[in-house]
Amino acid sequence: FKNIITEKFPEISSGWLLSGEGTMLNDSNPVQTIPYYDLDISACRSLGSELLRPSSMLHLPVVEQCDCAFRSFDVAINAEIMAGSIVFLQKIDAKAIIPGRYYVIVAPNYVLLRKVRFASESHTELLLEATENDPNAISIAEKKIESVYRVVANLKIY
């Protein structure tokens with residue numbers, strides 16, 4: 001039984017599983033401390049501000065580096081990232097956007113979690129889609145983007 005668990009979850013210590021002693025996670029899998037903000041993702045605009053303090057720190061095995069975690073209450077993308085989910089974000093340069101993935105786009109008038117596509121061959125205009133081929137997609141020039149956060153993962157809360 002132990003082998004089934006440790007094969008599926010290699011970060012779990014087999015010694016801890018058998019005896020309950022020691023640490024739950026193997027030392028080979030580092031734990032990342034991630035600032036968690038129990039706020040809607042629109043607070044990303046304030047990230048880095050002295051006024052915005054994390055609600056808590058999440059200590060999770062490193063799957064992929066991320067900078068922070070927020071709640072998403074956006075019902076527009078309910079199919080893939082449910083409202084109320086925790087999204088784990090990594091700040092990136094707008095030039096690093098990969099079309100078809102989810103990002104938080106911080107612009108002068110809004111902060112949105114959307115699937116991003118290029119609106120033109122020149123890659124200077126982006127389409128922010130709530131759903132696949134969204135007829136109400138928002139178009140924004142790359143130069144108007146203040147910051148971009150790539151969605152590394154999301155934790156659905158039912």
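Which residue in β6 is the bridge partner of Val104? The legends below take up this point after an overview of the predicted model.

**View 1. The whole protein chain, in a predicted model, comprises 2 helices and 9 strands.** Read from the N terminus, the elements follow the order α-α-β-β-β-β-β-β-β-β-β, and the C-alpha atoms fill a box of roughly 55 × 35 × 30 Å along the principal axes. Of the 158 residues in the protein chain, 37% count as buried, while the chain exposes about 9,400 Å², of which carbon and sulfur atoms supply 53%. Among the contacts that join residues at least 6 apart in sequence, 51% are between residues at least 24 apart. The protein chain carries 15 positive and 19 negative side chains, and the centres of these two sets lie 3 Å apart.

**View 2. Strands β5 and β6 form a hairpin with 4 residues between them.** Strand β5, which covers residues 101-106, runs antiparallel to β6 and is joined to it by 6 bridges. Within this pairing, the bridge partner of Val104 in β6 is Leu113, which answers the opening question. Strand β6 itself spans residues 111-118 and is mostly covered, with 6 of its 8 residues buried.

**View 3. Strand β6 also forms a hairpin with β7, and here 6 residues lie between the two strands.** Strand β7, made up of residues 125-129, pairs with β6 in the antiparallel sense over 4 bridges. One place to follow this pairing is Phe118, whose bridge partner in β7 is Leu126. In the turn of this hairpin, His123 has a positive phi of about 65°.

**View 4. The count of aromatic pairs comes to 1, and this pair is formed by the rings of Tyr37 and Phe70.** The ring centres of Tyr37 and Phe70 are 4.8 Å apart and their planes meet at 15°, so the pair is stacked, given that planes under 30 degrees apart count as such. Tyr37 belongs to strand β1 (residues 31-40) and Phe70 to strand β3 (residues 68-72), so the pair ties together parts that are 33 residues apart in sequence.

**View 5. A closer look at the two aromatic residues shows how far each is covered, Tyr37 being buried and Phe70 likewise counting as buried.** Tyr37 has a relative accessible area of 7%, and the relative accessibility of Phe70 is 0%. Both residues count as buried because this term applies under 20% relative accessible area.

Notes
Residues numbered from 1 in each chain as written. Predicted model: local features only at pLDDT ≥ 70, side-chain atom pairs only at ≥ 80, totals over all residues. Heavy atoms only, no water. Buried < 20%, exposed > 50% of the residue type's maximum accessible area, 1.4 Å probe, protein only. Pairing = 2+ DSSP bridges. Contact = heavy atoms within 4.5 Å. Areas by Shrake-Rupley, 256 points an atom, 1.4 Å probe, with all protein chains shown as cover. Lys, Arg positive; Asp, Glu negative; His and termini not counted. Charge placed at Lys NZ, Arg CZ, Asp CG, Glu CD. Phe/Tyr/Trp six-rings, centres within 6.5 Å; stacked < 30°, edge-to-face > 60°.
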